[in-house]
Amino acid sequence: KFFKMLKTGVPRGAVENKMRAEDLDPTVLDKDPDKPLVAASAAADEASNIPLKDDPKYSKFFKMLKTGVPRGAVENKMRAEDLDPAILDKDPEKPLVSADGASSPAVPLKDDPSYAKFFKMLKSGVPRGAVENKMMMEKLDPKVLDMDPEKPLPGAGKKGPVPAKEDPKYAKYFEMLKEGVARGAIRQKMAVASLIPSVLDNPDIPVPEVAPVGKNGLPGPPGRSKKGLKIKKPTEKRRKLHWTSIPVDRVKSDDSVWNGNVPINLNMTELEKLFVLKLDDKKLDETKAKEAKPSKPTKVTLLDGKRSMNTGISIARIKMSYREIRESIMSLKDNSLNEDQLKQLVEFMPTEEEEVILKKYRSDGNNLEMLGEPEKFMLEMTEMPQKVERVEAMVFKEQFMNKVSELNGTSNLVEAACDDVKLSLRLKKLLSIILALGNALNQKGEVGFTLGSLLKLSTAKAFDMKTSIL
């Protein structure tokens, strides 16, 4: 009946939907209707030797690619039919290798039907987070993305446990060790991922299956697992960025701002310095020992607490001595300080009251080295006349060319608009019609009128009190 439906002109898609509703395989429509259907068992045996280009399930997709149909459209069509688009990357002249064949050789991850598409997504610029979300939706381990795509999945085709360094969950962390990432940072990351940090010490031993257990079967404190494996406490505390990620289906389109991100090389040393707090026991002991010793004299603070803190943060970003900053401002030196730095300097120049306090501290003969960094900076700035005006002048110099460009752009737009008005033949014709009407009604011979007069066109009513000049 389905071949008859096709003959009578019913759309192919409608026929396929009807077949699926009756639990039948729509690919049968691609077979010769004059030949009998091969028995399921015989077909299964034969299918293992049929080249992909002749396979009833996949042949039409290779034909679509040949005829110039975009790759993305073909992949979408395959997904709609619950087929793996990664098959398109295989040799169409060879048969599809059985997924259950124990003796089949392990394929590289980039060619693995389960993972190939995710490596392609990364290659095409899809954000890493979006790819990981997609993998988790398909119940796959996102850590596979950290492995070499040219090598097979560790443990593929093998029986029994694999060494920790080849375990998909742990391989990523051994790679981080090789790249020089601090061991403490890796341990913290593993603890957050609910993995066993001490596995790093035994790369060639399989990962133990038992996690630390306390009384009554509940998770116990860090120490030993049932098998006696020591689990060390976290040695770091990290700050987190609590953002809201975008689902992967929203970044698929070509016009998405997240499609094709530029690769960024982060300074991990600086990042960890700012956002990672070390909790190493040895360092804690050293800190306690230092506290027991006589403490160094504390720095003298003369400024308001909040202002002192904000000043310290701002001047720390300027990689110049306080004397060099003062000399650059005194000479109005170009390119010594950028616009943002200059704006911050305007805000943190000493006020008259602060100058009085700082100068009195110096005149009293106190040790200037005991001052905090913000106080030292402001004391240096007190030596400079008209400091705020000088910094504001430097800000103006930095902004000048941008302001000129903006004004040029605006003036060009105004000039272009004026030219459009003056050169518009339709506008001239309209104004001429209004001028002629006005002269006819007023019995005058005026040569023009103001633009404000246009507002009065609706007030000039005819004697029927309905019609106006407008």
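## Close-ups of a predicted model

**View 1. The buried residues of α6 pack against α7.** This is a predicted model, so keep that in mind for every view here. On the α6 side, the buried residues are Ala-116, Lys-117, Phe-118, Phe-119 and Met-121. It works the other way round too: the buried residues of α7 pack against α6, which covers 116–123. Just after α6 comes Gly-125, with a positive phi of about 95°.

**View 2. Helix α7 and its buried residues.** Helix α7 takes in residues 128–137, and Ala-130, Val-131, Lys-134 and Met-135 are buried there. Looking down the axis of α7, you find these buried residues within an arc of 140°, so they line one face of the helix. Their packing partner is α6.

**View 3. Where α12 meets α16.** Helix α12 is made of residues 305–316, and it packs with α16 at an angle of about 75°, the axes being 8 Å apart. That makes α12 and α16 roughly perpendicular to each other, because angles of 65 to 115 degrees count as such. From α12, the contact takes Arg-307, Ser-308, Thr-311, Gly-312 and Ile-315. From α16, Glu-373, Pro-374, Glu-375, Phe-377 and Met-378 join in. Sort the residues of this contact between α12 and α16 by type and you get four nonpolar, three polar and three charged.

**View 4. Gln-386, in the loop between α16 and α17.** The loop holding Gln-386 follows α16 (373–381) and leads to α17. Gln-386 has a phi near 50°, which is a positive value in a residue other than glycine. Is this glutamine buried or exposed? Gln-386 has a relative accessibility of 55%, so it counts as exposed, the cut-off being over 50%.

**View 5. Where α13 meets α17.** Here helix α13 (residues 322–330) packs with helix α17 (residues 387–423), and the angle is about 75° with axes 9 Å apart. The two helices, α13 and α17, are therefore roughly perpendicular to each other. On the α13 side, look for Ser-328, Ile-329 and Met-330. They meet Lys-387, Arg-390, Val-391 and Met-394 in α17. The contact of α13 with α17 splits into four nonpolar residues, one polar and two charged.

**View 6. Gln-443, in the segment after α18.** Helix α18 spans 425–442, and Gln-443 lies in the segment that comes after it. Gln-443 isn't a glycine, yet its phi is positive, at about 55°. The relative accessible area of Gln-443 is 72%, so this residue is exposed.

**View 7. The whole chain, for orientation.** Zoom out from the close-ups and you have 18 helices and two strands. The chain has 470 residues, and 26% of them count as buried. Take the contacts between residues at least 6 apart in sequence: 56% of those join residues at least 24 apart. As for surface, the chain exposes about 33200 Å², with 57% of that supplied by carbon and sulfur atoms.

Conventions:
Residues numbered from 1 in each chain as written. Predicted model: local features only at pLDDT ≥ 70, side-chain atom pairs only at ≥ 80, totals over all residues. Heavy atoms only, no water. Buried < 20%, exposed > 50% of the residue type's maximum accessible area, 1.4 Å probe, protein only. Helix = DSSP H or I, 4+ residues; strand = E, 2+ residues; numbered from the N terminus. Arc of directions from axis to C-beta. Contact = heavy atoms within 4.5 Å. Axes fitted to C-alpha atoms, helices over the stretch in contact; angles between N-to-C directions. Parallel < 35°, antiparallel > 145°, perpendicular 65-115°, else oblique. Nonpolar A, V, L, I, M, F, W, Y, C, P; charged D, E, K, R; others polar. Areas by Shrake-Rupley, 256 points an atom, 1.4 Å probe, with all protein chains shown as cover.
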